[in-house]
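Please look through the structure shown here, beginning with the surroundings of the ligand and moving on to the strands and the helix.

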Amino acid sequence: MVDSGYSHVDPLPEPGTEYDVGVRCVLIDPHLKNGDGSKAAVTMPRSFEMLERVGVGTAIADVGRPAGLARLGSNGGWLGKITGFTSARLSQYVPTAVGQNIVEAHLCARYLELGGKILRAARVTGVSEDDTAADESGRCTVAVERYVYVRPPAQAPPLPPALAALTSTSLSARFAVGADGKQSMVRESLGLGYEGHEYAQSFFLADVELEEGVAEATGWERGLHA
Ligand SMILES: Cc1cc2nc3c(=O)[nH]c(=O)nc-3n(C[C@H](O)[C@H](O)[C@H](O)COP(=O)(O)OP(=O)(O)OC[C@H]3O[C@@H](n4cnc5c(N)ncnc54)[C@H](O)[C@@H]3O)c2cc1C
């Protein structure tokens, strides 16, 4: 079977759709599937404690690697070392290196197990509160459009006709939870404002996979150029 890249994606529902999936929860995600890369290096004990509240913290910690120290490098030299990550046992968990792809896979499986629905290849374009006298239930309307995010330089495959037929819709919800990152559309729609600032510096981000032996030989106790 040929996977066009959209095998996890459903058509957008008709406007006004209400989902009834047990917990009555729908997650809107521009990605086509769970992440297969990682942008996180270390997951902290408190994060594991929160993850365990939904039943996945220990399972994720078990496949990670405890992180006892970190070394920071810049301009070809080491700036310094951070040690003692695991010395103060305030939690049953320790700082652990585990890929974000693994965290996402566990969370996704648990969410689906609990009856959650994911609308993939879609994004929120606005949230408005229905606080008119006619609707005292305090529901809100979430505007959604078909939108595909794939991490550059990868490009999204063309949309199959079934997924392109309806390119925008709206959902009616009792609550809208904005978990849409630093440029949150939910926050902007509700006029909540944002206190923060841009960094003046530029950052270079890279995912690097090393064989165990290479990491030991070059990365840890040797110089950056070893
Ligand atoms: C390079 C890097 C390394 C990091 N390393 C670590 C680490 O080692 N340990 C650690 O604890 N933290 C780390 N962080 C920080 C951590 O990744 C963030 O604090 C965390 O991801 C923030 O979570 P979030 O859910 O608020 O936002 P995000 O993780 O940014 O998630 C927001 C999601 O919302 C989606 N979205 C955006 N707009 C819309 C929309 N309109 N509609 C629907 N969906 C939308 C996005 O596609 C995204 O999936 C790192 C961050 C970076 C950039």
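By class, the shell around the ligand in this predicted model is made up of 11 nonpolar, two polar and four charged residues. In total, 17 residues surround the ligand, and the closest are A41, R123, V124, D180 and G181. Two elements, β1 (26-29) and β7 (122-129), give two or more residues to this shell.

Strand β7 also belongs to an open sheet of three strands, in the order β7-β8-β9, with antiparallel pairing. Strands of a sheet pair through backbone hydrogen bonds, which may be arranged parallel or antiparallel. Here β7 and β9 (168-173) stand at the edges with a single partner strand each, so one side of each is left without a neighbour in the sheet. From one strand to the next, the twist averages 25°. The antiparallel strands β7 and β8 (residues 140-146) are joined by seven bridges; for G126, the bridge partner in β8 is A143.

A further antiparallel pair is formed by β3 (residues 70-74) and β4 (residues 77-82), with five bridges between them. S74 stands opposite G77 in β4. The two strands β3 and β4 form a hairpin with two residues between them, and N75 in the turn has a positive phi of about 50°. How many of the five residues of β3 are buried? The count is zero, and strand β3 is hardly covered.

T96, in strand β5 (residues 96-97), is a buried residue. Why does T96 count as buried? The reason is that 21 other C-beta atoms lie within 10 Å of T96, and the cut-off for a buried residue is 20 or more. Leaving aside neighbours within four places in sequence, T96 is in contact with V42, T43, A61, G64, R65, P66 and A67. M44 is 52 residues from T96 along the chain, yet the C-alpha atoms of T96 and M44 are separated by 6.6 Å.

The helix α3 (residues 100-113) allows a check on its length. At 1.5 Å a residue, its 14 residues should span 20 Å, and because the end C-alpha atoms of α3 are 20 Å apart, the expected and modelled spans agree. An α-helix has 3.6 residues a turn, so residues three or four places apart point the same way. Just after α3, G115 takes a positive phi of about 100°.

Definitions and conventions. Residues numbered from 1 in each chain as written. Predicted model: local features only at pLDDT ≥ 70, side-chain atom pairs only at ≥ 80, totals over all residues. Near = placed C-beta within 6 Å. Helix = DSSP H or I, 4+ residues; strand = E, 2+ residues; numbered from the N terminus. Nonpolar A, V, L, I, M, F, W, Y, C, P; charged D, E, K, R; others polar. Expected span 1.5 Å × (residues − 1). Pairing = 2+ DSSP bridges. Axes fitted to C-alpha atoms, helices over the stretch in contact; angles between N-to-C directions. Buried ≥ 20, exposed ≤ 12 C-beta atoms within 10 Å, placed from the backbone. Contact = placed C-beta atoms within 7 Å.
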